[in-house]
Number of protein chains: 2
Amino acid sequence: MAGGAVRTETRIQREKRERILESALEIFSEYGFRGATIDQIALASDMSKPNLLYYFRSKEDIHATLLTRLLDMWLAPLREIRAGGEPLEELRGYIARKLEMARDFPRESRLFANEILQGAPRIKPMLEGELRHLVHDKAALIQSWIDNGELAKTDPFHLIFSIWATTQHYADFDVQVQAVLGPEQSGKRRFEAAEDFLEHLFLRSLRP
Amino acid sequence: MAGGAVRTETRIQREKRERILESALEIFSEYGFRGATIDQIALASDMSKPNLLYYFRSKEDIHATLLTRLLDMWLAPLREIRAGGEPLEELRGYIARKLEMARDFPRESRLFANEILQGAPRIKPMLEGELRHLVHDKAALIQSWIDNGELAKTDPFHLIFSIWATTQHYADFDVQVQAVLGPEQSGKRRFEAAEDFLEHLFLRSLRP
DNA sequence: GATAGATTTTTCCAAATAGTCAAAAAATTA
DNA sequence: TAATTTTTTGACTATTTGGAAAAATCTATC
């Protein structure tokens with residue numbers, strides 16, 4: 001049946017693959033690609049290793065699937081910056097959305113951070129293609145706002161980098177943040193304080 | 001000879017241990033602790049694995065030695081903030097020093113980032129002790145400047161976090177920064193632009 | 001309830017990897 | 001230079017790990 005119909009996924013397949021990806025996200029984000037083992041993921045998924053390998057051909061395969069899914073989600077907040085909006089409000093919204101992602105999806109943030117930190121062996125092409133393109137696009141938009149006098153003069157690229165850095169820091173370096181602030185301060189409180197701080201920081205420097 | 005004299009390190013020991021640490025920094029910072037192998041480090045140090053293990057008892061031991069050495073260096077810029085100095089100038093200097101470290105010691109930055117990202121299994125005590133203490137100390141100093149009206153109202157802790165995040169980003173996420181900016185922009189140029197940007201960003205928001 | 005197809009388990013394997021040990025070689029000291 | 005100590009090597013081991021193969025079991029459908 002060469003080139004024949006691709007059998008549609010059964011319910012069990014969908015569910016198990018989902019379960020595996022969920023566990024894998026947990027494990028990969030905590031230990032990195034090499035630090036994670038298939039056995040760990042299988043255990044966390046409540047299935048045997050060979051069984052897991054029935055749903056994914058390899059460890060690579062699981063990892064690649066996670067990264068691919070992640071990327072769209074990861075870039076969404078940036079995409080949402082609208083040319084038609086009020087510049088300061090658009091950027092405030094962007095910062096808030098990025099910080100929400102760090103708060104609600106810290107494992108995804110760490111998965112991504114692990115990948116980049118190790119030289120992005122698996123997503124370099126995407127960084128140099130899609131990401132680069134999107135950032136240039138939005139940087140041009142920000143530049144146009146600056147040229148219009150709606151924003152203070154600044155470097156749009158480094159502005160974007162510093163928004164990435166500061167927001168993701170709360171997910172990626174969470175242990176450190178908690179160690180410094182002490183465990184008594186709740187996660188919610190930490191993120192509220194972070195949001196207040198970041199809005200002030202960026203908006204003060206962006207107001208024309 | 002229980003409790004006897006600790007033989008002083010020979011020249012060869014000093015040199016070889018140094019060579020191993022240098023290679024290990026290279027490898028660990030690129031692949032993380034689990035991703036790195038003793039064989040890789042031995043190869044990079046130009047010696048056999050058993051020979052390397054003659055100088056360090058284990059992989060752990062090498063890694064621990066690197067981290068311990070790193071920590072002092074890592075906190076130095078923060079320590080240098082002086083109560084007697086001019087607040088804005090002290091903070092400008094701090095940002096500049098941190099950015100220089102990201103530029104001149106990216107491998108150290110990545111080693112540290114790898115460790116934190118994986119939950120700081122080996123340096124958590126130090127984060128909760130020495131680091132926490134130092135940060136609280138400097139945060140109090142910054143707060144006193146704010147109370148004196150020498151700085152704008154802001155959260156000193158999140159200020160420090162965001163300085164860490166933005167400066168280290170240029171070391172830890174270098175692949176991504178380069179992918180976005182393109183390879184034509186030299187490292188030097190990138191860091192100059194970053195410094196300009198960060199000074200504006202922080203100083204505008206800190207001026208009373 | 002027989003059968004084809006999907007799923008799961010049991011058993012296995014080969015490569016990678018951290019680390020050991022004893023003997024050889026080199027360097028240092030007496 | 002002989003004795004002693006330090007350094008290096010080669011051969012080896014035990015364990016972990018990613019993955020394969022095939023048999024066994026389950027499930028949906030006729």
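These legends describe close-up views of a predicted model.

**View 1. The contact between chain A and chain B.** Chain A and chain B each bring 57 residues to the contact. About 4,700 Å² of area is buried between the two chains, and carbon and sulfur atoms give 67% of that area. On the chain A side, the residues that lose the most area to chain B are A:Leu117, A:His158 and A:Val180, which together make up 15% of what that side buries. The size of an interface is often given in this way, as the accessible area lost when the parts come together.

**View 2. The protein surface near DNA strand D.** Around DNA strand D there are 20 residues, of which A:Lys49, B:Gln13, B:Lys16, B:Tyr54 and B:Tyr55 come nearest. Of the atoms of DNA strand D that come within 4 Å of the protein, 62% belong to sugar and phosphate. The residues of this surface comprise eight nonpolar, six polar and six charged. Helix 2 (38-44) and helix 3 (49-55) of chain A each supply at least two of these residues, as do helix 1 (11-35) and helix 3 (49-55) of chain B.

**View 3. Polar contacts to the phosphates of DNA strand D.** In chain B, a side-chain N or O atom of B:Tyr54 lies 2.8 Å from a phosphate oxygen of DNA strand D. The side chain of B:Asn51 places a polar atom 3.1 Å from a phosphate oxygen of the strand. In chain A, a polar atom of A:Ala36 lies 3.4 Å from a phosphate oxygen of DNA strand D, and this atom is part of the backbone.

**View 4. B:Ser29 in helix 1 of chain B.** B:Ser29 is part of helix 1 of chain B. This residue counts as buried because its relative accessibility is 2%, and buried means under 20%. The side chain of B:Ser29 lies 2.8 Å from the backbone oxygen of B:Leu25. Leaving aside residues up to four places away in sequence, B:Ser29 touches A:Leu117 from chain A, along with B:Ala24, B:Arg107, B:Arg110, B:Leu111 and B:Asn114. A:Leu117 is also one of the chain A residues that lose the most area to chain B.

**View 5. Helix 8 of chain B.** Helix 8 covers residues 156-172 of chain B, and its end C-alpha atoms are 24 Å apart. This agrees with the expected span, because 17 residues at 1.5 Å a residue should span 24 Å. The helix is mostly covered, with 17 of its 17 residues buried. At the N-terminal end, B:Asp155 caps the helix, with a side-chain oxygen 2.8 Å from the backbone nitrogen of B:Phe157.

Methods. Residues numbered from 1 in each chain as written. Chains lettered and ligands numbered in written order. Predicted model: local features only at pLDDT ≥ 70, side-chain atom pairs only at ≥ 80, totals over all residues. Heavy atoms only, no water. Helix = DSSP H or I, 4+ residues; strand = E, 2+ residues; numbered from the N terminus. Expected span 1.5 Å × (residues − 1). Buried < 20%, exposed > 50% of the residue type's maximum accessible area, 1.4 Å probe, protein only. Polar contact = N/O pair within 3.5 Å; in protein donor to acceptor, adjacent residues only side chain to side chain. Near = heavy atom within 4 Å. Nonpolar A, V, L, I, M, F, W, Y, C, P; charged D, E, K, R; others polar. Contact = heavy atoms within 4.5 Å. Buried area = accessible area lost by both parts, 1.4 Å probe.
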